[in-house]
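I set out to record two look-ups: the surroundings of one strand, and the contacts between aromatic rings.

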Amino acid sequence: IIVGPHSPGFVADASTAAQCAEIGVILLMFGVGLHFHLKDLLAVGAIATGGAVAQISLATVASMGLLHLFGFSFFSGAVYGMAIAVASTVVLTRVLADNHDLHNPTGHVALGWLVVEDIFTILLLVLLPSVLSPGGEFWSALGMTLLKLGALTVFTLVAGQKLIPIFLGYVARTGTRDLFTLAVLALALGIAVAAAEFFGASMALGAFLAGMVVGQSEFSARAAAEALPLRDAFAVLFFVSVGMLFDPASLAQDWPLMLATLFVIMVVKPLGALLMTSLFRKPAKLGLPVAASLAQVGEFSFILAGLGISLGIFDQRVNNALIPAAIISITLNPMLYRKAKELAQRWEKGTHGDQAAHDACMVVPGEGSRARVVVVGYGPVGRSCCSILQHSSVQPVVVEMNIDTVRQLRGDGLPVVHGD
């Protein structure tokens, strides 16, 4: 807010901040994809698809009614509702990661929900101009978009599964750490940009698919370690770019519309998500955190609102209401998520007594039945250590830089991680 064009003093370059923020979103979704396997996405497909569609519908209907009170048409309210129904990729993934929920059932459902919303946004961005243009071909535009999305998925998951490991294997054999880091960044950014340029998808979706492919290869741990510092540095600029859009003077006139927007974002959307998780018979410890994580808006909402303004669907008042509402929801979301988790835990404890805590502490059979030791490096000393450990009924887990050694050990059935 301080370095934005609506505050006195120094004004930063908004376009540069937005581009850096986009890089942060790409690296963030690439990192999420590294730990999110296809089977996890398919496992939550029903609740993610049904829940996202129902939540978007509920937010759309609520926005149509509320914006009609402010003099907007029902069509304008519908478009606005669909814009604010989409949650922020950056906020959701950071909140889940900060609360250690990114790789458990809560995170899988929330991320699956996010992927469905992402696909919905792409369809809306493509179809909205064709609906409003004279003689617009709606069905041909819809068919072409779905065909491109299908082609992107097949190309990334099928062709990418063959080509990306070969490429990273060649780079890993050079033994140059900087070159491997550069290769990971080139993959993440290259596939993300190709997804947008050639397939009409979002860069975030392309990066997510690229991460899923790399995550299923032997390079997943090392790729995650190399991308993490850059991801955090760029992702934080997303919040800078949002703050720069805020115009404090606009609140004096448009605060009622801002409050109505905030009501849909922080009340209607979470209630819709909670209702759908209940209908799918999910426990409160999953339903409440998922609902809370979706009670915010971000990058795609601004894009859809900007498209609506450019097409004449609504005026600048919508942006003046959306930006402060987004800032408030983003600021409150981490606290809301933590409170939702606490409430869910109290609910579970009150309903099931100490059984829930007992179940959470149980070790999965086979996971903790044998002692383990991490052996860093599989040189002469590492080989000797592994031999001694195995004779003592201790399971060695090797961390090794040489990709050929990693493949040999994996072929021998020894747990091994490729990395430094």
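My entries on the strand come before those on the rings.

The model I worked from is predicted.

**Strand β2.** I looked up the burial of β2 (residues 395–400) and found six of its six residues buried, so the strand is largely enclosed by the rest of the structure. In a regular strand the side chains alternate between the two faces of the sheet. I therefore checked each face of β2: Gln-395, Val-397 and Val-399 are buried on one side, and Pro-396, Val-398 and Glu-400 are buried on the other.

**Neighbours of β2.** I noted that β1 (residues 372–376) pairs with β2 in the parallel sense over five bridges, with Val-376 opposite Val-399. Helix α16 (residues 380–391) joins β1 and β2 in a right-handed β-α-β unit. Strand β3 (residues 416–418) also pairs with β2 in the parallel sense, over three bridges, and His-418 of β3 is the bridge partner of Glu-400. I recorded a right-handed β-α-β unit here too, made of β2, helix α17 (residues 403–411) and β3.

**Aromatic pairs.** My search of the whole structure returned three aromatic pairs. One of them joins Tyr-80 and Phe-314, with ring centres 6.0 Å apart and planes at 80°, so I entered it as edge-to-face. Tyr-80 lies in helix α4 and Phe-314 in the loop between α13 and α14, 234 residues apart. Tyr-80 is buried at 1% relative accessibility, and Phe-314 is buried at 6%.

Phe-180 and Phe-219 form a tilted pair, 6.2 Å centre to centre with 40° between the planes. Both Phe-180 and Phe-219 are buried. I also noted the charged end of Arg-222 over the ring of Phe-180, 4.1 Å from its centre.

Definitions and conventions:
Residues are numbered from 1 along each chain as its sequence is written. This is a predicted model: local features need pLDDT of at least 70, side-chain atom pairs count only at pLDDT 80 or more; totals for chains, interfaces and linings use all residues. Side-chain values use heavy atoms; hydrogens and water are left out. Buried means under 20% relative accessible area, exposed over 50%, partly exposed in between (1.4 Å probe, protein chains only). Helices (H or I, at least four residues) and strands (E, at least two) are DSSP runs, numbered from the N terminus. Two strands pair if DSSP finds at least two bridges between them. A crossover is right-handed if, with the strands pointing away from the viewer, the path from the first strand over the helix to the second runs clockwise. Rings of Phe, Tyr and Trp (its six-membered ring) pair if their centres lie within 6.5 Å; planes under 30 degrees apart count as stacked, over 60 as edge-to-face and the rest as tilted. A charge sits over a ring if NZ of Lys or CZ of Arg is within 6 Å of the ring centre and within 35 degrees of the ring normal.
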